[in-house]
Every structure is written in C-alpha cells, then in structure tokens.
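Please look through the sequence and the model below before reading on. The text then takes up a helix crossing and some aromatic rings.

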Amino acid sequence: MNQLLNLIVNGLATGMLVFLLAAGLTLIFGLMSVLNFAHGGLFAWGAYAGVWLYAASGSFIIAVVGAVLAGMLLGWIMERVVIRPMYGNHVRQILVTLGVMLVLSEMLKVVFTPNPLKAEVPPLLNGSWEVAGVILIKYRLFIILVGALVYLGLLLLLKKTRIGLIVRAGVHNPEMVQALGINIRMIFSLVFVFGAGLAALGGALLAPYSGVIFSEMGMQFAILAFIVVVIGGMGSVQGSALASILVGLSGALMAYYVPDLSLAANMLLMIVVLLVKPSGLFGVKGGGA
C-alpha cells in the first residue's frame with residue numbers, strides 16, 4: 001500500500017508537469033485552432049533557461065520567473081513571425097512548426113551546450129517527509145500544488161474575467177467580436193504568449209524534478225501534451241487537467257507493474273477514450289474552456 005501511494009504521488013507530480021505544458025497547448029490549439037508542434041520547444045527552453053538562471057543567481061524564484069519570461073518572449077516572436085501568416089491553414093502550421101521545433105532544439109545546443117545539463121532541487125524544497133510510512137518528496141508535492149493553482153487560475157481567468165469572455169466569444173465568432181471594436185487578433189496574440197509562458201513554466205519545474213535535461217526533451221513532452229489535449233477534449237481546461245492526471249498515473253503505475261507496456265500506456269489510454277467518446281472527455285463541438 002505504501003508503494004502504491006508513492007506511485008500515485010509520483011504520477012500526480014508528472015501529470016501536473018504535463019498539464020502545465022498541455023494547458024498552454026489547450027489555449028493555443030483548442031481555442032485558437034493553431035497546431036503548434038513547436039510548443040515542446042518552448043518547454044525545453046524554459047527548462048534550460050531555468051537551470052542557467054538558477055546557476056547564475058542562486059535564486060529559484062528568479063530562475064522560474066526568468067524562464068517564464070523567456071518562454072513568453074519566444075512565443076511572441078513565434079506568433080508574429082511564424083504563426084500569424086498561417087492562421088486557418090493547418091497543413092502549413094504542422095510543417096512550419098515542426099521545423100521551428102527542430103530549430104529551437106538545435107539552438108539550445110548552440111546557446112548552452114550539446115551535452116545534457118544537471119539540474120538541482122533548491123534547498124528549501126529538497127528532502128522529504130514521512131507520513132504513516134509513506135515517503136512524501138517535498139518537490140513533488142510542490143509541483144502538484146503549483147499545477148493545482150495554475151488550474152484554478154485558468155478557470156477563473158476564462159470564466160470570471162472580461163478577457164476570458166472575449167477569448168471564448170472570439171473562438172466562436174471572431175467577426176462579431178471584431179465588429180464590437182475589440183482587436184481580436186491582439187487578444188489571440190496575448191493568448192499565444194500566455195500559453196508559451198505556461199510551457200516554459202512547466203519546463204523550469206521539470207528540470208529539478210528529472211535531475212537532467214537535454215535538447216530533444218521538447219519533442220518527447222510535446223507528444224504527451226497532444227495526447228492529453230486529445231483525451232481531454234479540444235479547448236477544455238478541465239479535460240486537460242483530468243487527462244494529465246490520468247496520463248501521469250498510468251505512466252507511473254505501468255512503469256512499475258508492467259514495464260513493457262509503459263511506453264504504450266498513454267497511446268492505449270487515448271485510443272480507449274476516443275473509442276468511447278470521440279470528442280474527448282470534456283470535448284464539445286466548437287471547443288470551449
């Protein structure tokens with residue numbers, strides 16, 4: 001039982017990291033209908049920026065904030081230069097963003113190093129607690145807390161604020177929103193930048209969790225994020241959160257109990273969900289948060 005509880009905590013922590021990446025992709029892919037395969041590259045840049053800033057400043061807070069800002073800057077450049085001319089053209093989006101993903105991975109090798117980098121857990125979050133025989137690692141609990149706060153923040157932003165109302169209205173009828181005098185293109189640009197920042201946050205938090213980061217990690221986690229978005233339903237933050245938890249738990253449990261199926265577990269989960277509900281767990285026609 002203690003081992004099972006440890007696996008559940010590990011799975012929840014992994015799921016929250018995937019959610020931070022998938023949440024940004026949900027906003028960009030589900031709400032804006034942009035197939036951004038370079039999203040994982042922003043995740044990797046967040047990880048590298050966080051590790052470099054932590055080594056330079058010694059402050060984990062500065063490292064995380066700096067990584068998020070770096071991701072948002074890259075997202076702003078990507079949206080203006082690459083994505084903006086291709087709104088509505090999914091085939092071009094796939095081809096070009098895949099190329100951008102490769103460029104971002106190679107740039108990491110040039111700017112930092114082609115070798116994997118070691119990442120350390122900050123002293124305040126290092127160590128663990130033992131509760132009723134169960135070992136609870138502090139950093140994993142921290143990740144779960146951050147993921148939960150981001151989830152609640154996104155729900156409040158989309159459901160309770162004017163900007164959230166504009167975004168949801170713009171998804172369904174951008175021409176009407178534009179006719180009301182609201183610059184919907186600027187709103188969508190801000191959403192893209194915000195999603196890029198969430199991806200970078202996930203990367204910055206992953207680095208100490210995994211202990212080692214490498215330039216190709218973006219593609220690996222981007223695939224997980226797309227699986228989560230498909231399972232949860234296009235444009236659904238609730239769906240992405242639940243799907244991330246399911247993906248994290250299935251990966252942790254399968255890796256321990258049935259290692260041979262651990263790599264295929266997420267694909268099998270996606271297939272089962274799509275067979276039962278093709279639109280995803282929370283998916284509806286036309287998307288929605």
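What follows describes a helix contact and several aromatic pairs in this predicted model.

Start with helix H2, residues 39-57, and helix H9, residues 217-232, whose axes come within 7 Å and cross at roughly 125°. That angle makes H2 oblique to H9, because it falls outside the 65 to 115 degrees that count as roughly perpendicular and is not over 145, where roughly antiparallel begins. The crossing of H2 past H9 is right-handed. On the H2 side the contact is made by Gly40, Gly41, Phe43, Ala44 and Ala47, and on the H9 side by Met217, Gly218, Phe221 and Ala222. Of these residues, 6 are nonpolar and 3 polar, with no charged residue in the contact.

Turn next to the aromatic rings, which form 9 pairs in the structure. One of them joins Phe37 and Phe226: the ring centres are 4.6 Å apart and the planes stand at 20°, so the pair is stacked. Phe37 sits in the loop between helix H1 (2-31) and H2, while Phe226 belongs to H9, so the pair ties together parts 189 residues apart in sequence. Phe37 is partly exposed, at 24% relative accessible area, whereas Phe226, at 12%, counts as buried.

Another pair, Tyr48 with Phe112, is tilted, with 5.2 Å from centre to centre and 45° between the planes. Tyr48 lies in helix H2 and Phe112 in the loop between helix H4 (90-111) and strand E1 (117-118), 64 residues apart. Tyr48 is buried, with a relative accessible area of 0%; Phe112, at 23%, is partly exposed.

Finally, Tyr54, Phe60, Tyr139 and Phe142 make up one aromatic cluster.

Notes:
Residues numbered from 1 in each chain as written. Predicted model: local features only at pLDDT ≥ 70, side-chain atom pairs only at ≥ 80, totals over all residues. Heavy atoms only, no water. Axes fitted to C-alpha atoms, helices over the stretch in contact; angles between N-to-C directions. Helix = DSSP H or I, 4+ residues; strand = E, 2+ residues; numbered from the N terminus. Parallel < 35°, antiparallel > 145°, perpendicular 65-115°, else oblique. Left-handed = near helix turned anticlockwise from the far one by under 90°. Contact = heavy atoms within 4.5 Å. Nonpolar A, V, L, I, M, F, W, Y, C, P; charged D, E, K, R; others polar. Phe/Tyr/Trp six-rings, centres within 6.5 Å; stacked < 30°, edge-to-face > 60°. Buried < 20%, exposed > 50% of the residue type's maximum accessible area, 1.4 Å probe, protein only.
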